[in-house]
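Me: I'm new to reading structures and would love some help. Could you take one part of this one and walk me through it slowly?

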Amino acid sequence: MTFTTRPTLQGTFGMVSSTHWLASQAAMGILERGGNAFDAAVTAGFVLHVVEPHLNGPGGEVPAIVATAQDPAPKVLCGQGPAPAGATIAHFRSLGMELIPGSGPLAAAVPGAVDAWLLLLRDHGTSSLEEVLEPAIGYAGAGHPLVGRVGDTVAAVRSLFEEHWPTSAQLWLRNGKPPTAGELFANPAYARTLRRLVDAGRAAGPDREAQIDAARRAWREGFVAEAVDQFSRQPFQDSSGRSHAGLVTGADMAAYSATWEEPVTLDWHGYSVAKTGFWGQGPVLLETLSVLDALDDPRVYDPATAASIHAQAEALKLAFADREAWYGDGDVPAKALLSREYARERAALVGERASAELRPGRPDGADPILPRQVCRGAGRHADPADPTTGEPTVKADGVTRGDTCHVDVVDRWGNMISATPSGGWLQSSPTIPDLGFPLGSRLQMFWLEEGVASSLAPGRRPRTTLSPTMVHRDGEPVLACGTPGGDQQDQWQLLFLLRHLAGGQSLQEAIDAPMWHTASLLASFYPRDFEPGVLVIEDRLDPEVLAALRAYGHEVRLSDPWSLGRLCAVTRDPTSGVLAAGANPRGMQGYACGR
């Protein structure tokens, strides 16, 4: 028997896997009371706002992929808010900026998470608004024992809070000190916000959908939008070192609504892998799988040998270069990027030596356009002290990398969801005192340059790193998975899928196995670093493999043995009805539960 840090859970009733045990158990509680997978996911989503505030928040965003028992075809729920009306390149240039700040009000997109969760509840859930919000209200109002990483995050930005963000200091520096691990911590303001949403729903009458729509209006057009509008007009220091007011207005809030969209899919070895559209980085995973197939060597699917890791890393670099040149919320040559012909062209670039170049392709023969900053070689000197472990990487000015949550749920009826909430971190922007949460900083993923795929423009969605995954077989959903980790999300999911789908490993075996990722890509987060040739690897990997990778020309950077990735996953066997779940032990927060 292969040792794993915990068992792969199996049952027939329901399974939940998330990045925090309280969210997993709260979701399981909804399933036990007769709710479906979507009720459970919404419950977990709001609990995650409370228990992992350093990883996500109500002012952030959430993309998800769902499949229902009635219609098993995958659908994308887009809870990624766009750039506000005032977010123009000219405005940022007038402030003397070449990059959008990585923290502060100026970096905020329109909040998308709450409206998306409520839209999911209305369209596919069965529980009431009050039922799904009850656990989050309880934890916010009465308190919950904080994980140590929250206090570590607050400590990292303590001086910023004390000197420049007094409303955040008031919430997070009680008695002048960051919270400690295990401390019972409450956020009464956020509890009041959620209760007011419930009250708005009740006032709409007994109809469940009418209640949810009333809560959405209270968020988008009522007291929440009003508080955001007023607070956003106040200047606060951001990562530029200067103070600026935000751009999100009440009108921006009112104009936004989460949407249902078709996914981008790839047929792969008898499976159909579904990702969000090219407004997110998700298709990077599909491009990488296509290139590996085009290498026409089954050995490249094994993430444990030096030759296979080399091939996978080189394929990932090519896909991420395409992300920078072609992905964005606009016209994208999607069909060409995922064609077999293009994959063969790209596979021909995978050589015997590690590449240190950013090499976007020419889908349909078109010339790629990269930001001028990339061409000048800006941002190539990242701080290697923390190689994006999937836990918070936070600098003293609030700039954050890799902070995200994830939740997967499958129920006994065959409903399934993969969701990756993020943004609106406690360290991203000053706390709005009337609401108990800050806005996000997702605008930092835009470029302040006309003519590139992810140029800033009002109403456009930032090219997010958030990347849930769903896998179908014979038209039925069989797997939902995802991980925090910014630019690493699709890299770690690639290894997991290769191990599980191609290698036959159990969920927990595939999650526990040593992880790695390439940093030889243009980072999505401020200050947009690029580390040519760097391969970050958990040091549990065989020393002979590490030596061989160095011989291939990779600059190997060792990370702690249990530091990379925070995978969650659930599965369903359509024939037997058996459900399964696994969760990542790294960071000691993620947990799966089910029966």
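Reply: Happy to help; here is a walk through the open sheet, followed by some of the ring contacts. Please keep in mind that this is a predicted model.

Let's begin with the strand order. Seven strands make up the open sheet, arranged as S9-S4-S3-S15-S14-S2-S23, with antiparallel pairing. At the edges stand strand S9 (259-261) and strand S23 (591-594); each has a single partner strand, so one side of each has no neighbour in the sheet. From one strand to the next, the twist averages 15°.

Now look at one pairing inside that order. Strand S3 (residues 62-67) runs antiparallel to strand S4 (residues 75-79), and five bridges join the two. To see one of these on your screen, find Ile65: its bridge partner in S4 is Val76. Strand S3 also has a helix lying across it: helix H2 (residues 37-51) crosses S3, strand S14 (407-411) and strand S15 (416-419), and runs at about 155° to S14.

Next come the rings. The model has eight aromatic pairs. One of them joins Trp172 and Phe185: the ring centres are 4.6 Å apart and the planes meet at 5°, so this pair counts as stacked. Trp172 belongs to helix H8 (residues 166-172) and Phe185 to strand S6 (residues 184-185), 13 residues apart. Both Trp172 and Phe185 are buried. Elsewhere, Tyr190, Trp219 and Phe437 are linked into a cluster by ring pairs.

Finally, look for charges over rings. Arg540 sits over the face of Trp562, 3.5 Å from the ring centre, while Arg595 sits over the face of Phe13, at 3.9 Å from the ring centre.

Terms used:
Residues are numbered from 1 along each chain as its sequence is written. This is a predicted model: local features need pLDDT of at least 70, side-chain atom pairs count only at pLDDT 80 or more; totals for chains, interfaces and linings use all residues. Side-chain values use heavy atoms; hydrogens and water are left out. Two strands pair if DSSP finds at least two bridges between them. Helices (H or I, at least four residues) and strands (E, at least two) are DSSP runs, numbered from the N terminus. Axes are lines fitted to C-alpha atoms, for helices over the stretch in contact, and angles run from 0 to 180 degrees between N-to-C directions. Contact means heavy atoms within 4.5 Å. Rings of Phe, Tyr and Trp (its six-membered ring) pair if their centres lie within 6.5 Å; planes under 30 degrees apart count as stacked, over 60 as edge-to-face and the rest as tilted. Buried means under 20% relative accessible area, exposed over 50%, partly exposed in between (1.4 Å probe, protein chains only). A charge sits over a ring if NZ of Lys or CZ of Arg is within 6 Å of the ring centre and within 35 degrees of the ring normal.
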